Amino acid sequence: MGGKKERAEGLGRALIKQHNRMALEAQEKGRAIHLQNRKVLESYTEIDEIDAIIDNTDDAELLSGGGASDAGPSDLLISADDAGDMTSDERKQAQKEEEALHANNLKVPRRPPWNSNMSVEELDANEKQAFLVWRRKLARLEENDKLVLTPFEKNLDIWRQLWRVLERSDLIVMVVDARDPLFYRCPDLEEYAQEIDEHKRTLLLVNKADLLPFNIRKKWAEYFDQHDILFLFWSAKAASAALEGKTLIQEPELQESELLGLDTKIYGRDELLTRLQTEAESIVMAKERPSSSSSTASNKRQVTVGFVGYPNVGKSSTINALVGAKKTGVTSTPGKTKHFQTLIISDELVLCDCPGLVFPSFSSSRHEMVACGVLPIDRMTQSREAVQVVANRVVRRELERIYNIKLPNPKPYEPENRPPTSYELLRVYCASRGHVASSGLPDETRAARQMLKDYIDGKLPHFELPPGMDTSETEEGDDTGSGSDDEDPDPSSESMPDRRELADMEEFDSGSKGSKVVKKRENRKAESHKQHKKPQRKKDRSWRVGNDGGDGMPVVRVFQKPAVDFAAIGASGRG
C-alpha cells in the first residue's frame, strides 16, 4: 500500500509541475504576442482631420464632453474676409499683421499639472484632454485664410517624449541648422523650459557650421550676441571624422575672430562636452544656492543635458559624435528616433536625446519644409514646387557649375537676374543625366529627389542671412552666394547658356532623345568594327539629287544617250 501511495504522490507532483510549466509558457507567449502587436511610435504631421487624433488617443468622449468643447478663447473665432481684390504686397502685409495678432496662440503644448499621488489613468486622461484643447486652438487658426500654418506634430506620444526630456534635463540644447538657424529655432520652447524651472537655460547648438563661410558665421555670432542668445557653432560631421583621424575643417581666420571677441570657432568634441558640463553645473549651483550648505556645494552631482529640435538637423549625429560610438540611428529620413534615450558619458554628465518634433509655426510652406528636410522627401507628391525652393535659394551659376549643365537664358521680357524655374532645372538635369521614365518622358521625380538630397547634404551651397543684413555685405570674401542671383548682373557672360539648350529640351520632350543616344552608341560600335574591314571602292553616286547652289532647289542630273538618226542610217544603207 505504501508503494502505491508514494507513486500517486509522485505522479501528482509531476502533473502539477507540467501544469505550471505550461502556464508559464502561455504567459511568455502572450507577452511576446503583446510586444509584437504593440503599436510603433510614429510621427503624424500630414493628417488634417481631428478624427486621426481621436483614433490615436482612443478616447473620443473627451471632445464631446463639456470640458474640452468650450475651451477655445473667444478671440480665435475667424471671420473669413474676401482677399481676392488684394495685391501680393497687401496680402503679405495682411498676413504679417494676422501672424502678430495670433502669435500668442501658437505655443508648444504644455503638460498639465501632476503629482506623484495621481494614478496612471488620471494622469493619462488629463494629458489627453489638455492636448486636444491645444489641438482645437490650432485647428481654429488653420481656418483663417490669412494665415499659413505649417504642418506640425499631431501625435501626443511624441510630445510626451519632449515633456519628459524637458523635466529631467538641467540644460536644454536646441540643435539647429546653421544655414537657417531662425527657421529651426522655437522661442516658445525656451519659454516653456523657464516655466518648468526658472533656472533652466537653453543653448542654441548651431550644427553644420562648416557649411557657412567665415564672414557669415561672424554675422550670425553678432546677431546672437545682440539678442542675448546662448549659442555654440558645431559640426557633427567634422567631429565624427576627427574620431576617425580625419580633418575636415581648417580655419586660418580663428585668430581674427578671437581678436574681435566673438565666439565664431567651431567647437570640437572634447570642447563641447566640457562646455555643456560647465553650463549644466552652473545651472544646478544656481538652483541649489538658496538652500545649499558648504558640504552640499562641494559635492558635484550628475547633471543631465537634453537635446531637442526639428527632425533631420543632426541631433542623433551629435549624440553619436559626443559618445564616440553609434548609439542612435542616423538617416536622412526625418523621424528616425522614436523614443528619448539616456546616455551616460561619465559619472558627472548624462545626455538625453529626444525625438525630432515639427513645431507649429507661420509663413513656411509645405514645400519649403520638404526642401529643408523637415518632412520626408520620399513622401512628397509635388516635386516641382519643392525644387523651385532650391532654385530660388541657390545661385544660377552654382547650379551650372556643380551639375555641369547649361540653363536657358531668361527671355527678353523677363528680368535678367531671375532664378531658373523648376521646369527648366529639372528638364536640363534629366537631359544631362539621361533620366527617362517608362513613359519616355523625363523622370522629374527621380531628379527632384536627388537634387533635394544634395540641397540638404550641403552639396548645393546656400545660407540665410541674419535679419536686417544686406546681401551686398556677403560679397566680400565669399563667392558662394546667399540664395539670390543679384550678384550676377551680366546675363551674357560665358557661364550663361545659348539658345540651343531650348531645342535640346524640346527634342527631349518628344521622347526622341533616348533613341538618338542609343543610335549614336550603335554607330560608334559599328565604326570600331569597320576599321578591321578591307577598304571598299567608292561608288559613283553623282546621279543622285544634289544642289547647284543657285536657287536652293534640288537638281537631278539626267544622262541621255545620243539620239539615233534613222534617216542617215537608211541613206548609208542604200549606198
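The legends below accompany close-up views of a predicted model.

**Figure 1. Overview of the predicted protein chain and the confidence assigned to it.**
The protein chain, with 575 residues of which 39% are buried, contains 23 helices and nine strands. Among contacts with a separation of 6 or more, 72% are between residues 24 or more positions apart. The mean pLDDT of the protein chain is 74, and a value of 70 or more is reached by 62% of its residues. In residues 294-298 the pLDDT is below 50, and this stretch has zero contacts in the model beyond near neighbours in sequence. Residues 543-559 also have pLDDT below 50, but for this stretch the model contains 15 contacts beyond near neighbours in sequence.

**Figure 2. The open sheet of seven strands and its edges.**
The strands follow the order E4-E3-E2-E1-E5-E7-E6, and the pairing among them is mixed. Strand E4 (266-267) and strand E6 (341-344) stand at the edges, and because each has a single partner strand, one side of each is left without a neighbour in the sheet. Helix H13 (residues 269-288) packs on the sheet, where it touches strand E1 (171-177), strand E2 (201-207), strand E3 (231-234), E4, E5 and E7, and its direction makes about 110 degrees with that of E5. Helix H15 (residues 315-323) lies across E1, E2, E3, E5, E6 and E7, and runs at about 150 degrees to E5.

**Figure 3. Strand E1 and its pairing with E2 and E5.**
Seven of the seven residues of E1 are buried, so this strand is largely enclosed by the rest of the structure. Leu 171, Val 173, Val 175 and Asp 177 point one way from E1, whereas Ile 172, Met 174 and Val 176 point the other way, and the residues of both sets are buried. E1 runs parallel to E2, to which it is joined by seven bridges, and Asp 177 has Asn 207 of E2 as its bridge partner. E1 also runs parallel to E5, with five bridges joining the two strands, and here Met 174 has Val 308 of E5 as its bridge partner.

**Figure 4. The pairing of strand E5 with strand E7.**
Strand E5 (residues 303-309) and strand E7 (residues 349-353) run parallel and are joined by five bridges. Within this pair of strands, Gly 306 is placed opposite Cys 352 of E7.

**Figure 5. The surroundings of Asn 207 in strand E2.**
Asn 207, which lies in strand E2, has a relative accessible area of 3% and is therefore buried. Leaving aside residues up to four places away in sequence, Asn 207 touches Val 175, Val 176, Asp 177 and Ala 178, together with Trp 234, Ser 235 and Ala 236, and also Val 313, Gly 314 and Thr 318. One of these residues, Asp 177, is the bridge partner of Asn 207, and another, Thr 318, is among the buried residues of H15.

**Figure 6. Helix H15 and the residue that follows it.**
H15 is mostly covered, with seven of its nine residues buried. The buried residues are Lys 315, Ser 316, Thr 318, Ile 319, Asn 320, Ala 321 and Leu 322. After H15 comes Gly 324, which has a positive phi near 90 degrees.

**Figure 7. The surroundings of Ile 283 in helix H13.**
Ile 283, found in helix H13, has a relative accessible area of 3% and is therefore buried. When residues up to four places away in sequence are not counted, Ile 283 touches Asp 170, Leu 171, His 199, Lys 200 and Arg 201. The C-alpha atom of Ile 283 is separated by 9.3 Å from that of Val 303, a residue 20 residues apart from Ile 283 along the chain.

**Figure 8. The crossing of helix H6 and helix H7.**
The axes of helix H6 (residues 120-142) and helix H7 (residues 156-168) come within 11 Å and cross at roughly 110 degrees. The two helices, H6 and H7, are therefore roughly perpendicular to each other. At their contact, Asp 124, Glu 127, Lys 128, Phe 131 and Trp 134 of H6 meet Leu 156, Trp 159, Arg 160, Trp 163 and Arg 164 of H7. By class, the contact of H6 with H7 consists of five nonpolar and five charged residues, with no polar residues.

Notes:
Residues are numbered from 1 along each chain as its sequence is written. This is a predicted model: local features need pLDDT of at least 70, side-chain atom pairs count only at pLDDT 80 or more; totals for chains, interfaces and linings use all residues. Side-chain values use heavy atoms; hydrogens and water are left out. Two strands pair if DSSP finds at least two bridges between them. Helices (H or I, at least four residues) and strands (E, at least two) are DSSP runs, numbered from the N terminus. Contact means heavy atoms within 4.5 Å. Axes are lines fitted to C-alpha atoms, for helices over the stretch in contact, and angles run from 0 to 180 degrees between N-to-C directions. Buried means under 20% relative accessible area, exposed over 50%, partly exposed in between (1.4 Å probe, protein chains only). Angles under 35 degrees count as roughly parallel, over 145 as roughly antiparallel, 65 to 115 as roughly perpendicular and the rest as oblique. Ala, Val, Leu, Ile, Met, Phe, Trp, Tyr, Cys and Pro count as nonpolar, Asp, Glu, Lys and Arg as charged, and the others, Gly among them, as polar. pLDDT is the predictor's confidence in each residue, from 0 to 100.
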